Structure formats: structure tokens, C-alpha cells
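User: Please go through this structure with me by question and answer, giving the reasoning before each result.

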Amino acid sequence: MAEGNSGIGDVRAAAQALAPKIVSLRRAIHAEPELGLHNPATRDKIRAALAHLPLEWAQGPSTTGLVATLRGGAVPAGADRPCVLLRGDTDALPMQEETGLDFASTIPGAMHACGHDTHVAMLAGAVELLAARAEGLAGDVRFMFQPGEEGHHGARFMIEDGLLGDPLPDAAFALHIMPNSRHGLVAGRTGALMASADQFEIVVEGRGGHASMPHDALDPVPVACEIVSAIQAMVTRRFSVADPVVATVARIEAGSAHNVIADRARMIGTLRTLSPGNRTRLREALETCATHVAAAHGLTAQVTLHEGFPVTMCDARAVALGEAVARDLAGPEAFVRLDHAIMAAEDFSYVLEQVPGAMFFLGVAHEGADWRHACGIHSTRMVVDEAALPTGTALLAGCALRYLSQGFAGLQV
């Protein structure tokens with residue numbers, strides 16, 4: 001491992017020494033998953049795991065989210081105190097686990113299928129590493145343990161509660177595991193890493209009747225089907241592939257019996273974009289498309305939009321810093337630049353709207369396994385090679401150490 005100028009020469013070994021603690025915390029959280037904005041059992045596990053460290057704790061009224069601040073001891077009196085934010089999310093998904101693990105979920109209908117249990121454990125490991133080096137830190141580190149990432153806007157609530165601090169941190173970093181990516185590989189990109197995500201509902205109002213006499217009714221089902229097809233044509237014909245969008249109708253509901261024409265049909269789905277401009281355009285185009293197709297058949301369509309997460313935008317300097325740290329820790333093959341964004345969404349995007357920073361992906365497929373065929377995130381059978389978790393801990397701690405020692409200076413952007 002190269003020492004370089006980042007002062008992280010011993011971080012990898014120190015993270016590896018913490019592996020039993022990291023794994024133990026991960027398994028405890030995995031076995032007792034919690035949903036939404038309030039994860040009190042997970043919060044208490046975090047506090048207990050880090051109770052022996054000199055941290056300042058803060059919690060807001062909106063969630064069970066925690067921010068722990070570690071004060072560096074190498075800041076000259078009267079000087080500004082640089083600050084780095086490291087984030088891990090805490091909530092699970094409403095899914096029934098099917099992994100068969102010894103520490104599988106004990107909560108019916110809840111599972112850590114997105115790896116947030118590992119995110120917490122890796123971040124707690126980074127707290128340990130950095131606390132051991134606190135006297136030499138030329139600034140502060142804030143550790144953000146955030147609930148409500150799975151569609152509940154937890155990061156936004158924590159920001160509104162003032163938990164990021166005043167002034168805001170100077171840089172922010174986060175990790176997300178990828179079970180179907182090569183073991184230990186760190187990946188990232190400048191600009192859009194993940195998409196915005198909005199939800200929509202379309203209700204087509206018709207007039208029901210007997211299924212044998214559709215001419216006496218206004219059948220919303222074929223109109224709904226036509227709207228679905230029109231949405232797909234709209235995406236491919238009105239939006240450039242160079243700035244992609246996704247519009248998916250995920251559910252259609254109508255009718256009650258085989259011989260009844262329904263009064264209405266309801267559709268729900270998601271809109272994904274990689275730019276604010278297309279996000280606005282796609283919303284407007286969806287409403288126009290649905291209402292006009294319905295009107296062409298003498299029906300009406302009501303479109304309701306529920307705003308989700310913004311685009312996850314990564315700062316070029318922060319990506320370069322993470323790349324440098326990953327290569328210092330594990331060699332030149334440890335980091336890869338992604339060619340394109342993925343259309344999933346992430347509420348760390350709210351933090352990155354306020355603070356320059358980056359999120360990185362960490363491959364946690366079992367070493368030597370065919371990672372291309374591993375179950376991905378949000379699968380009821382997703383598993384993680386826990387041997388990769390110290391790599392994530394070392395990367396998070398290394399990003400903080402590198403930033404507090406040099407800022408964004410000396411990076412190849």
C-alpha cells in the first residue's frame with residue numbers, strides 16, 4: 001500500500017483489524033431491520049457501538065437520524081475548522097428475506113435488501129479509525145447516520161433539522177454496496193451518478209357497464225393501455241438518448257369481474273431523469289400525453305405527481321479524491337470510472353445539492369464468484385461478502401483524512 005501524501009498508510013490494516021466489530025454490528029442490524037424515518041433500535045445499536053469514543057451527538061425532531069461529530073486536535077487556535085461529512089443510511093425495505101442466513105431478519109416483512117446494514121457498519125468502523133487519529137486531524141468529521149432513504153426523504157429531513165451543521169461541511173462522501181460487482185472494486189463518476197425519481201398516478205375516468213355492451217359504456221381499460229404505449233413512444237421520440245429518461249408504468253388496476261366494464265383505471269409508475277431540465281419536461285409531457293389520449297376517446301385522465309429525490313450529482317474534485325484514496329489503499333486496479341449513470345435514485349442527492357462531494361459504489365460479491373450473476377440489491381436473496389466491508393471502512397476514513405490534510409488540492413480532475 002502506498003503512503004503517498006494522504007497520511008493513510010496504515011488505514012487498510014487498521015480497518016482489517018476492526019473486521020470483527022464491523023461484521024458484528026452489521027449482523028445485529030441485519031437481524032432487526034426497521035423501516036422509514038424512525039429506526040430507534042438501529043439508532044441505539046449505533047450509539048452503543050460508539051459510546052466509548054469522544055463524539056458530540058445530535059438528533060433532530062423529524063427522524064431518528066444521528067450526527068456524531070469528531071473534533072480534530074490539530075487545528076491552530078483561531079483558525080477555520082475544515083469539516084468532512086461521511087454518511088451511512090439505516091433503514092430497510094418492506095420485503096420478506098429469503099437468504100437463509102443465520103442472522104437473517106427476525107422481523108416479518110422487513111429486510112436489509114439494499115445493504116444499509118453494511119453502510120452503517122462500515123461508517124461505524126470509520127468512526128473508530130478516525131477517533132484513534134483525532135489528535136492529528138486538522139479539522140472535524142461529521143458522521144451522518146440517516147434513516148428514511150428508501151423513498152422517505154430522510155436526508156432532506158435531517159438537513160431541514162439543521163443536523164448537517166452551520167456552517168455546512170466542506171465536503172461529503174458516501175458509499176453504496178453493489179452485490180453484483182467485483183469484490184472490493186470501487187466505482188464512481190463525475191456529474192450525474194444516479195437519477196432523479198418521481199412517482200406518478202394516472203386515473204382514467206370512464207363510464208362502466210356490461211362487458212357485452214361496450215358501446216354503451218366508456219371503457220377506461222383500452223384507453224389506459226393506449227396511454228402506456230403512448231408514454232413509451234413519448235420517451236423514445238421526444239427525449240435524446242444522450243440525456244436519457246425512463247418512464248415506467250409499474251401497476252395497472254381496473255375492474256372487478258370478467259363481465260363488468262370498470263368506471264375507472266388507475267396506473268402508477270416512476271419517472272427517472274439525469275438532468276433538472278428533462279425532469280421538468282418529462283413531468284409536463286406525461287400529463288399532456290395522458291390527458292390528450294384520454295380526451296381523444298371521450299374520457300378524462302387525472303395525473304398526480306409525487307416529487308422524489310433529485311439527481312445525485314458528484315463533484316469532479318471529490319470523485320478524484322476518492323479515486324486517489326482507493327488507489328493508495330489497494331493499488332491501481334482498485335477504482336474504475338463508470339461510463340454512464342444508473343437510473344436508480346438516492347437521497348444522498350439532497351446532501352450533494354448543499355455540499356460538494358461524491359458517492360461511490362463498492363463491490364461486495366464473493367471473491368472469485370461470478371459476480372455478474374449474483375443477486376442484486378432489492379432482491380429477497382441478496383447476500384454480501386462481509387470480507388469486503390473493511391475496504392469500505394478504509395475508503396471512508398481515507399477520504400476524510402485526505403481532505404483534512406490537503407483539501408481538494410493536487411488532484412487530477
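**Sheet, helices and two residues**

User: In E12, which residue is the bridge partner of Glu 205?

Analyst: This is a predicted model, in which local features need pLDDT of at least 70 and side-chain atom pairs count only at pLDDT 80 or more, while totals for chains, interfaces and linings use all residues. Residues are numbered from 1 along each chain as its sequence is written, and side-chain values use heavy atoms, with hydrogens and water left out. Strands E8 (residues 196–205) and E12 (residues 264–273) pair in the antiparallel sense over 10 bridges, where strands (E, at least two residues) and helices (H or I, at least four) are DSSP runs numbered from the N terminus, and pairing requires that DSSP finds at least two bridges between two strands. In E12, the bridge partner of Glu 205 is Arg 264.

User: Which strands stand at the edges of the open sheet, and why is one side of each left without a neighbour?

Analyst: Four strands, paired antiparallel, make up an open sheet in the order E10-E12-E8-E13. Each edge strand has a single partner strand, so one side of it has no neighbour in the sheet, and the strands in question are E10 (245–254) and E13.

User: At about what angle do H6 and H7 pack?

Analyst: Among the residues that meet (contact being heavy atoms within 4.5 Å) are Val 223 and Ile 227 in H6 and Leu 282 and Ala 285 in H7. The residues of this contact divide into 12 nonpolar, no polar and three charged, counting Ala, Val, Leu, Ile, Met, Phe, Trp, Tyr, Cys and Pro as nonpolar, Asp, Glu, Lys and Arg as charged, and the others, Gly among them, as polar. Axes are lines fitted to C-alpha atoms, for helices over the stretch in contact, and angles run from 0 to 180 degrees between N-to-C directions. With their axes 9 Å apart, H6 and H7 pack at an angle of about 145 degrees.

User: Does Gly 308 count as buried or exposed?

Analyst: Gly 308 lies in the loop between strand E13 (300–306) and strand E14 (312–314), and, leaving aside neighbours within four places in sequence, its contacts include His 153, Arg 279 and Tyr 350. Buried means under 20% relative accessible area, exposed over 50%, and partly exposed in between (1.4 Å probe, protein chains only). Because its relative accessibility is 11%, Gly 308 counts as buried.

User: How far apart in space are Arg 327 and Val 186, C-alpha to C-alpha?

Analyst: Arg 327 lies in helix H8 (residues 316–330), and at 29% relative accessibility Arg 327 counts as partly exposed. Although Arg 327 and Val 186 are 141 residues apart in sequence, their C-alpha to C-alpha distance in space is 9.4 Å.
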